[in-house]
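Biologist: I have just opened this entry and would love a guided tour. Could you take my questions one at a time?

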Amino acid sequence: MKESRLPVALASLAVLAALFAYAALASPYLIAAGFTIVLFVTLSASWNLVSGYTGYVSFGHVVFFGIGAYTASLLATKGGLGWPAATLGAASAAAVLALVLGSITLRLKGAYFAIAMLGASEAVRVAASTWESLTGGGSGITLPNILSPRGAFLLLGITALGTIVLTYVVAQSRFGLHLLAIREDETGAEAMGVAATRAKTAAFVLSAVPAGIAGAANAWHINYIDPESTFPMLLTIQMIVMTMLGGGGTVLGPVVGALLLGLAGEFLWARFPFVHLGLYGLLIVGIVIFIPEGLLPRLMARGILPRTRRL
Amino acid sequence: MLEFLPVYLQVIVGGLLLGALYALIASGLNLIFGVLRVINICHGELMMLGAYAAFGLFALWNVHPLLSIPVTFALLFLLGILIEKTLVERVAGAPELSSLLLTFGIGIILTSAAMNAFKADFRSVPALTGSILLWEIALPRARLASFVTALVITGGAYLFLKRTRAGKAIRAASQNALVAETCGIDVARVRLFAYGLGAGMAGAAGNLIALSYSFNPEVGHVFNLKAFAIIVLGGMGNFAGAFWGGLLLGVVEGLTGYFATAQVVDAVAYLLMLLFLLFRPSGLMGAAK
């Protein structure tokens with residue numbers, strides 16, 4: 001059952017126009033706040049694309065953000081490239097890493113995959129802090145100011161929009177159905193003719209690209225990267241929690257979760273730095289115990305929101 | 001070659017001393033995984049609380065950290081029971097993501113609470129200082145004492161699992177919960193007890209960490225990641241496997257630190273883990289699935 005794509009196309013154009021207007025008009029403070037929000041939307045939507053749809057919990061997704069940040073920074077400083085080429089390089093590096101890592105780790109099931117991804121991201125972080133001749137080690141890399149904060153916001157905002165549209169297209173496609181089938185019963189899906197390994201790997205690579213671009217945009221935004229701030233495990237957890245809050249395996253779930261938590265973090269919690277982390281923990285526990293399926297699916301189940309797709 | 005022998009021995013012995021602590025932490029983690037099928041991501045944070053308990057007992061009443069071990073074990077055992085009963089039990093049988101996130105959330109609540117209560121400063125419990133010299137190998141007293149204690153606790157827990165009726169119930173529930181249930185074992189109680197025991201072992205390990213290392217509220221994170229690596233090395237759910245995995249990681253880290261730089265040491269655990277996942281996912285001790 002194909003729905004008409006016209007409303008989605010119009011909505012995307014409206015969001016695109018809104019992004020341009022915001023980038024042109026907002027104050028520097030609001031640009032910085034908006035950057036955080038589109039960063040969360042991009043990363044959550046990226047995580048959702050693989051983990052929400054296939055059920056393979058990537059517990060080290062931040063590795064693609066980090067590799068994007070480092071590739072972009074090195075291409076800009078040592079390679080002398082401009083930001084467009086360096087950003088493309090970041091996206092490609094994330095895709096290649098996902099292909100390599102995925103062909104290894106996606107063979108593992110359940111908790112093994114989660115732990116392997118966690119280990120992979122930590123190993124890459126250690127590599128970034130150890131390989132001093134290339135990465136500057138723990139002292140990090142300072143970047144020239146090659147893209148203004150407004151430009152970085154727009155770049156990442158368009159990436160966020162693109163990731164959501166990509167999720168919509170995947171969700172509407174046969175490929176999306178394959179991913180959901182893998183999530184529900186991988187052996188059964190394979191028996192029905194789904195090329196599970198290929199589908200999982202493709203979803204993994206697709207999800208890594210926006211995360212890599214986000215890493216690059218973040219590097220342009222703050223003009224400085226180091227291993228600790230580029231590979232924080234907390235960022236992976238934020239992607240997961242935002243997606244879970246909104247609803248994994250739905251197109252708009254990650255957006256809802258990222259907006260709610262991003263705004264709450266920006267305007268409420270930032271004032272209470274000492275309990276910020278603890279509140280986050282309470283929120284995670286609350287979500288897992290009370291709304292494990294996420295807000296959107298719960299509202300759909302209650303008939304408050306229309307179902308987006310019937311299987 | 002021969003004149004370097006004492007150096008190598010020193011490095012290997014140092015690795016074993018640390019490895020026994022890893023083994024204690026990881027075997028508790030593996031006990032929990034075996035019975036509950038939950039990767040307890042707040043395990044390192046429970047350990048951190050054990051370290052602060054030992055620190056508090058020493059600072060307030062001058063209790064020697066080797067004597068406070070039963071107290072920290074009991075405290076963390078009770079906390080573990082509380083956590084299992086009120087939170088972890090609710091995600092029994094839910095997809096892995098639920099328990100991974102739940103225990104991660106508990107972990108950051110504990111870290112944040114410790115940050116507020118004790119600040120981020122590094123603490124230590126300098127109760128045992130100095131070294132003894134055995135042939136040409138220097139053995140720091142504190143680390144030697146933690147090594148022996150960790151071996152005793154891990155060995156005690158192993159004997160408990162092997163020999164006692166309650167231990168057999170735990171092993172049965174770990175092998176096949178459904179069959180254990182039909183044989184009349186109260187699996188929900190076994191889960192509660194196993195979680196408490198694992199948490200108690202983490203608490204005792206934290207007590208030993210306090211004896212030989214300085215720590216702050218974030219110390220749990222590093223040990224968490226290493227403990228995951230160790231249970232993969234040893235075989236997930238396999239108690240004895242976690243023990244040997246812990247010793248192995250300690251020695252490999254020691255040798256890496258000697259031949260390469262200290263920074264590379266942190267990567268060793270993850271690289272070993274990835275290699276094992278690739279080539280021997282069942283771990284050293286085999287049969288875990």
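**Where the chains meet**

Modeller: Happily! To start, 34 residues of chain A are in contact with 35 residues of chain B. Please keep in mind that this is a predicted model.

Biologist: Which helix of chain A gives the most to the side that touches chain B?

Modeller: Helix 5 (110-130), helix 12 (233-246) and helix 14 (273-290) of chain A each supply at least two residues to that side. By class, the side has 27 nonpolar, six polar and one charged residues. The helix that gives the most, with 15 residues, is helix 5 of chain A.

Biologist: Is Ala116(A) buried or exposed?

Modeller: Ala116(A) sits in helix 5 of chain A. Leaving out residues up to four places away in sequence, Ala116(A) touches Thr105(A) and Leu108(A), and also Leu274(B) and Leu277(B). A residue needs 20 or more other C-beta atoms within 10 Å to pass as buried. Ala116(A) has 28 C-beta neighbours inside 10 Å, so Ala116(A) counts as buried.

**Inside the core**

Biologist: Which helix provides the largest share of the largest nonpolar core?

Modeller: That core has 205 residues, and those with the most contacts inside it are Ala94(A), Ile25(B), Ala205(B) and Ala229(B). Looking at one of these, Ala205(B) touches Leu21(B), Leu24(B), Ile25(B), Met47(B), Gly50(B) and Ala150(B), not counting residues up to four places away in sequence. The largest share of the core, 16 residues, comes from helix 8 (residues 187-212) of chain B.

Biologist: How many other C-beta atoms lie within 10 Å of Ala20(B)?

Modeller: Ala20(B) is placed in helix 1 (residues 5-36) of chain B. Beyond its neighbours within four places in sequence, Ala20(B) is in contact with Phe147(B), Ala150(B), Leu151(B), Gly246(B) and Leu247(B). Ala20(B) is buried, because the number of other C-beta atoms within 10 Å is 25.

**Helices side by side**

Biologist: What is the handedness of the crossing of helix 10 and helix 11 of chain B?

Modeller: Helix 10 (residues 239-259) and helix 11 (residues 262-279) of chain B pack at an angle of about 145 degrees, with their axes 8 Å apart. Among the residues making the contact are Leu249(B) and Val252(B) of helix 10 of chain B, and Val265(B) and Leu272(B) of helix 11 of chain B. The residues of this contact divide into eight nonpolar, two polar and one charged. The crossing is right-handed.

Biologist: How many degrees of arc do the buried residues of helix 6 of chain B cover?

Modeller: The buried residues of helix 6 (residues 165-175) of chain B are Ala169(B), Ile170(B), Ala173(B) and Ser174(B). They lie on the same side of helix 6 of chain B, because the arc they cover around the axis is only 135 degrees.

**Two loop residues**

Biologist: What is the phi of Arg37(B)?

Modeller: Most residues other than glycine have a negative phi. Arg37(B) lies in the loop between helix 1 and helix 2 (43-61) of chain B, and is partly exposed, with 18 other C-beta atoms within 10 Å. Although Arg37(B) is not a glycine, its phi is positive, at about 55 degrees.

Biologist: Is Asn62(B) buried or exposed?

Modeller: Asn62(B) lies in the loop between helix 2 and helix 3 (69-86) of chain B. Its phi is near 60 degrees, a positive value in a residue other than glycine. Asn62(B) has 8 C-beta neighbours inside 10 Å, so Asn62(B) counts as exposed.

Terms used
Residues numbered from 1 in each chain as written. Chains lettered and ligands numbered in written order. Predicted model: local features only at pLDDT ≥ 70, side-chain atom pairs only at ≥ 80, totals over all residues. Contact = placed C-beta atoms within 7 Å. Helix = DSSP H or I, 4+ residues; strand = E, 2+ residues; numbered from the N terminus. Nonpolar A, V, L, I, M, F, W, Y, C, P; charged D, E, K, R; others polar. Buried ≥ 20, exposed ≤ 12 C-beta atoms within 10 Å, placed from the backbone. Axes fitted to C-alpha atoms, helices over the stretch in contact; angles between N-to-C directions. Left-handed = near helix turned anticlockwise from the far one by under 90°. Core = buried A, V, L, I, M, F, W, Y, C linked by C-beta atoms within 7 Å. Arc of directions from axis to C-beta.
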